[in-house]
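Student: Before the discussion begins, could the model be displayed? I should like to see how each label is justified by its value.

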Amino acid sequence: MPLTNPVKIIIPPYHPSAFEDIAKGKEDQPERGNRCTDCYALRLKRTFENAEEKGFDYFSTTLSISPLKDAQRLNTIGGELAEV
């Protein structure tokens with residue numbers, strides 16, 4: 001794909017304890033429940049902060065291509081982060 005600038009895929013370090021902290025007490029919630037919303041927010045916030053720190057114009061996540069995830073909710077969270 002011809003691009004003016006290269007696309008970089010950045011895989012940040014994974015910190016399971018951060019997820020465990022937000023998921024505590026929500027272990028029995030179904031997929032796409034509040035636990036997922038909190039996880040989306042956690043992951044997208046880290047992605048946004050990294051993009052902002054490096055001066056990127058855009059940020060994204062591979063979570064949105066999973067049929068088990070809620071792409072609309074991910075887009076809403078990402079949009080809210082970008083408006084800050």
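Tutor: Contact here means heavy atoms within 4.5 Å. The model is predicted. Among its contacts between residues at least 6 apart in sequence, 52% join residues at least 24 apart.

Student: What makes up the protein in terms of helices and strands, and in which order do the elements run?

Tutor: The protein has three helices and zero strands. From the N terminus on, the order is α-α-α. The C-alpha trace spans about 45 × 25 × 25 Å along its principal axes.

Student: How do you know that the span of helix 2 is close to the expected one?

Tutor: The expected span is 1.5 Å times one less than the number of residues. Helix 2, residues 34-54, has 21 residues, and for it 30 Å is expected. From its first C-alpha to its last, helix 2 reaches 30 Å, so the two values agree. Helix 2 is followed by G55, whose phi is positive, near 75°.

Student: Which residues of helix 2 are buried, and what covers them?

Tutor: Buried requires a relative accessible area under 20%. In helix 2, R35, C36, C39, Y40, L42, L44, F48 and A51 are buried. Their cover includes helix 1 (16-23) and helix 3 (71-83).

Student: Why is the pair K45 and E49 called a salt bridge?

Tutor: The rule asks for a side-chain nitrogen of Lys or Arg within 4 Å of a carboxyl oxygen of Asp or Glu. The closest N and O atoms of K45 and E49 are 3.7 Å apart, so the pair satisfies the rule. K45 and E49 are four residues apart in helix 2, which means that about one helical turn separates them.

Student: Why are K45 and E49 called partly exposed?

Tutor: The class lies between under 20% for buried and over 50% for exposed. K45 has a relative accessible area of 45% and E49 one of 39%, so both are partly exposed.

Student: How many salt bridges does the rule give, and where do K26 and D38 lie?

Tutor: The count comes to four salt bridges. One of them joins the side chains of K26 and D38, at 2.1 Å from N to O. This pair links distant parts of the chain: K26 lies in the loop between helix 1 and helix 2, and D38, 12 residues away, in helix 2. D38 has a relative accessible area of 27%, and is therefore partly exposed.

Student: Are R73 and D70 buried or exposed?

Tutor: Both R73 and D70 are buried. They form a salt bridge, with 3.3 Å between the closest N and O atoms.

How values were computed: Residues are numbered from 1 along each chain as its sequence is written. This is a predicted model: local features need pLDDT of at least 70, side-chain atom pairs count only at pLDDT 80 or more; totals for chains, interfaces and linings use all residues. Side-chain values use heavy atoms; hydrogens and water are left out. Helices (H or I, at least four residues) and strands (E, at least two) are DSSP runs, numbered from the N terminus. Buried means under 20% relative accessible area, exposed over 50%, partly exposed in between (1.4 Å probe, protein chains only).
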